[in-house]
Amino acid sequence: MRWEELTSAEIGALERDRTVVILPLGSVEQHGNHLPLGTDTMLAEAVSRAAAEASGDTVVMPPPWYGFSAHHMRFPGSITLRAETLLALVEDVVASLVRHGFRRILIVNGHGGNNGLIDVLASTLGNTHYGAARIAALTYFTLAREAIGKLRKSKPGGMGHACEFETSMVQHVRPELVKIAQAETCYPDPGSRYLTTDLLGAQAIRLYHDFGDLSPTGTLGDPAFASPEAGKAFFAAVTAELAAFIADFRGWTIPERHS
Ligand SMILES: [Zn+2]
């Protein structure tokens, strides 16, 4: 179910405690020479819709297209919100949902640059709406890290940005938008053993990394390993993980507010 396609009366009739409302988040930013600027938002929305369909009783909100993309601004076409703009935007959307009585709200993020902000949003919104709603936030490829790791063919560094994973996913979801002949491989040197550019890599250090310093094309990783078949497998794995989380989230207790 897509929020923007329903009527007000149809929204009014939804069972408040059971329904999970998903807000997808992404970005409009460079994705190498071969993927569209809207990759992250398109993928977050597609994964959310597929998981919602598999789950039932789940509504997907229209995503705000833009995210926090300051680290991509050296590349034409990238658009960034200020961090506080994105926070305010999501706060207002979630407050509206809570006002309409929805009790289970899930932010599904598809852009690494939003990670710090969804952490803040989960904490602050969870506190603001404590007792009224549970609010959770996740980055879908982190949720599905293990499953993606089993399917990947590239070595560490091959999945980062416009990489084996993202290229395959767009080849599955919007194949007509992929200019695969323009794809270039780049295994960037992050500059320290404490840092990684891999999508599935974990690092303790938080920092600002300008993508123009990491890669001449903006690609981090190895789109040479991408294929529509891999995209189909990645998409199925990610959707299954998200649907499993939705089922769990639907059962979470909503504590009473204590004054
Ligand atoms: Zn991306």
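A162 counts as buried, with 26 C-beta neighbours inside 10 Å. Here a residue is buried if 20 or more other C-beta atoms lie within 10 Å of its own, exposed if 12 or fewer, and partly exposed in between, with C-beta atoms placed from the backbone. The model is predicted: local features need pLDDT of at least 70, side-chain atom pairs count only at pLDDT 80 or more, and totals for chains, interfaces and linings use all residues. Residues are numbered from 1 along each chain as its sequence is written.

**Positive phi outside glycine**

A162 is a residue other than glycine, yet its phi is positive. D57 is not a glycine either, and its phi is also positive. The table sets out both.

| Residue | Phi | Loop | C-beta atoms within 10 Å |
|---|---|---|---|
| A162 | near 55° | between β5 (159-161) and α7 | 26, buried |
| D57 | about 50° | between α2 and β2 | 14, partly exposed |

Helices (H or I, at least four residues) and strands (E, at least two) are DSSP runs, numbered from the N terminus. G56, just after α2, has a positive phi of about 75°.

**Helix α2 and the core**

The largest nonpolar core has 59 residues. Such a core is a set of buried Ala, Val, Leu, Ile, Met, Phe, Trp, Tyr and Cys residues joined through C-beta atoms within 7 Å. I22, V47, I105 and I107 touch the most other members. Helix α2 (residues 39-55) gives the most to this core, with 7 residues. In soluble globular proteins, nonpolar side chains tend to be buried together.

Contact means that two C-beta atoms, placed from the backbone, lie within 7 Å. Leaving out residues up to four places away in sequence, I22 touches S48, A52, T58, V60, M61, L106 and V108.

Helix α2 is largely enclosed by the rest of the structure, because 12 of its 17 residues are buried. Among them are T39, D40, V47 and A52. The cover over the buried residues of α2 includes β1 (20-25), β3 (104-109) and α9 (228-250). The length of α2 agrees with expectation: its end C-alpha atoms are 24 Å apart, and 24 Å is the expected span. That span is 1.5 Å times one less than the number of residues.

**Strands β3 and β4**

β3 and β4 run parallel, joined by 6 bridges. Strands pair if DSSP finds at least two bridges between them. I105 has I135 of β4 as its bridge partner. On β4 (residues 134-139), I135, A137 and T139 form the covered face, while R134, A136 and L138 form the uncovered one. In a regular strand the side chains alternate between the two faces of the sheet.
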